[in-house]
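Visitor: Could you take me through one part of this model up close? I'd like to see how the pieces of a sheet fit together, and then have a look around elsewhere.

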Amino acid sequence: MIHYSVSFENPLTFYVQLHMTFEVPTDGPATVELQLPAWRPGRYELQNFAQKIQQVEVSDAASHELLPTRKLTKDRWEVREAAGRTVRVSYNFYAHQMDAGGSWLDESQLYMNPVQGFMYVEGRQHEPCQVQLHLPEGWQLACGLPQSGPNVLQAQSFDHLADSPFIASPTLQYRNYEVQGLPFYIWIQGECPVDWQRLVADFRAFSQEQLALFGAFPAQDYHFLNQILPYKHYHGVEHLNSTVITLGPAELLMTEGLYKELLGVSCHELFHAWNIKSIRPAEMQPYDYSKENYFRTCFIAEGVTTYYGEYLLARAQVRSAEQYFAELNTVLRKHYDDYGRYHLSLADASMDLWLDGYKPGIPDRKVSVYHKGALVALLLDLTLRRLSQHQRSLDDVMRRLYEEFGKTGIGYTEDDYVRIVTDVAGRDMTAYFDKFIYGTAPLEEPLDKALAFVGCTLRITENMSASEGLFGFRTVTRNERTEVTDILPGSPAAAAFTVDDELVAVNGRRVDMNLQSLLSADSEHPYEVSVFRQNRLLTVPLAARSGERFWQKITIEKLPAATAEQQASFRSWLKQDF
């Protein structure tokens, strides 16, 4: 067994003291290697957690003799003369990152994601682990790991430990509920108003809907660990039998705007308990924490989950159809805002998460596995329903994935997903995959056709902003400076501006919070626009093109004249009246 100890001396420094102890048999290796993870499951980019480590010392636990140690890489250590010893590894970990994948220490709490700060012994990741937390008296502990004693956590392996965040605090609140005999816990850390009756009822409803979809749960319990913060924030990360959600501002928790975010991210993260934590890509069986784990199926792991995260809230009657469509329209807006959809496929975007998937990146390079992934999941679900008259759907695909791969612990491949989708459809689905997963075909026409089956349509309306709709560029005002931030390829603005141009005047009139009115005055004739570009004053022509419009608004709406058959189909899909 690998033993860990967690303590802190001065929370004002944010430093946590970590110790790892393990035995090396006399006939064991003389040299062992210690690895600190370089990334965490749920965010597919290298994060180099070794940046948070201070003063690593390795010693013999009995004699306190320091053992010869050297770094092999940025986050890997070699320890010599280890055979026959109980090795003790000690270091400080800087816990000062408050988000759903981070760790935080202050006077009020200790919150940790073990994957950030706990090392493992190379080759011994499958051994059970024990964690002793040294906490002040009166502090509660919230974690998905079982406790074998006061503040003592037990994990089956390093994977189990790394995927089990915890919050320790004297002010934790919680409620629990059951679904099909399984206990669910809602933990809240933070000063916020909580309508527990409403919260528990809504969480129970979407939990029931998800369990009904899959038929079984991959864990014995589940913990929602919520950090409700005094400032604006939004983030969630999935784990084996828990999730961490960071949300704020706290005083607005039960208002419509923030409460819908809490419901959406909670439903999304619970769905991950099946889809990625249990139904896992073959490339991640097992995780390799030391380097990138490339996989091409994040459109399933995140795209399908993004679709179900909001869709199941409507199916569970937690959100109305109108509220669900509002969230879908947000996904549509984010997808169509970026011309990267013409340049990168979903499968390639899955690979590129490791490159720059969580950053804005260069203009028009990439597509989102979350947003386009959700839209192609919606398209697939409605297509399967139309082909079978609602006898089969994406639910059947997910159940098959869970039966074949989630319950067995075998990783699935791209070919497995294609095979299961094809089996459920009862027909060749090559065109769907070639166009929308491996290609960059536009979604408007196929989505509109699929939505018509359930009495809905894609509505396209003009962008009423002159700069966006007529000329194809966006600006932001900073310190009374109007700067160009986005330009659509092939638009009139693309021939006149560059990103970061400061717009000074239009036809001799100063730009001062009045750009839209200046560009709407006479769209029939070219404008003379004065700009500062790299501190040089230039005047450039800007002319609209007859009949061309940009950044149109695309929304999903109900058909005003939907037939009785379409309305019935809507009810089968959303479990709500049309």
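**A close look at the sheet**

Guide: Let's start with a pair of strands: strand 5 and strand 6, the latter covering residues 76-79, run antiparallel to each other and are held in register by four bridges. Keep in mind that this is a predicted model. Within that pairing, K71 sits opposite W77 of strand 6. As a general point, strands in a sheet pair through backbone hydrogen bonds, in either a parallel or an antiparallel way.

Now zoom out a little. The pair belongs to an open sheet of four strands, ordered 5-6-3-11, with antiparallel pairing. Its edges are strand 5 (69-73) and strand 11 (120-121), each of which has a pairing partner on one side only.

Next, pick out Q35, which belongs to strand 3, residues 32-35. Is Q35 buried or exposed? With a relative accessible area of 1%, Q35 counts as buried, because the cut-off for buried is under 20%. Its side chain makes a polar contact of 2.9 Å with the side chain of D75. Setting aside residues up to four places away in sequence, Q35 touches D75 again in the contact list, along with R76, F118, M119, Y120 and S290. Of these, R76 falls within strand 6, residues 76-79, and Y120 falls within strand 11 (120-121).

Leaving the sheet, have a look at the second largest pocket, which holds about 650 Å³ of space. It is lined by 25 residues, and those closest to its centre are Q156, H160, P218, A219 and L240. Two elements, helix 2 (158-162) and helix 9 (394-406), each give two or more residues to that lining. Sorted by class, the lining comprises nine nonpolar, ten polar and six charged residues.

One last stop is a loop, the one between helix 11 (430-437) and helix 12 (444-452), where you'll find G439. G439 is buried too, at a relative accessible area of 14%, so it also comes in under the 20% cut-off. Apart from neighbours within four places in sequence, G439 is in contact with S345, K372, F433 and D434. Among those, F433 and D434 come from helix 11 (430-437). For a sense of distance, try V304: it lies 135 residues from G439 along the chain, and their C-alpha atoms are 18 Å apart.

Notes:
Residues are numbered from 1 along each chain as its sequence is written. This is a predicted model: local features need pLDDT of at least 70, side-chain atom pairs count only at pLDDT 80 or more; totals for chains, interfaces and linings use all residues. Side-chain values use heavy atoms; hydrogens and water are left out. Two strands pair if DSSP finds at least two bridges between them. Buried means under 20% relative accessible area, exposed over 50%, partly exposed in between (1.4 Å probe, protein chains only). A polar contact is a pair of N or O atoms within 3.5 Å; within protein, one must be able to donate a hydrogen and the other to accept it, and residues adjacent in sequence count only if both atoms are side-chain atoms. Contact means heavy atoms within 4.5 Å. On a 1 Å grid over the protein atoms alone, a cavity is a set of points where a 1.4 Å probe fits but cannot get out, and a pocket is an open set with protein on both sides within 12 Å along at least five of seven lines; lining residues have an atom within 4 Å of a point. Grid points are joined across faces, edges and corners, and a volume is the space filled by probe spheres set on the points. Ala, Val, Leu, Ile, Met, Phe, Trp, Tyr, Cys and Pro count as nonpolar, Asp, Glu, Lys and Arg as charged, and the others, Gly among them, as polar.
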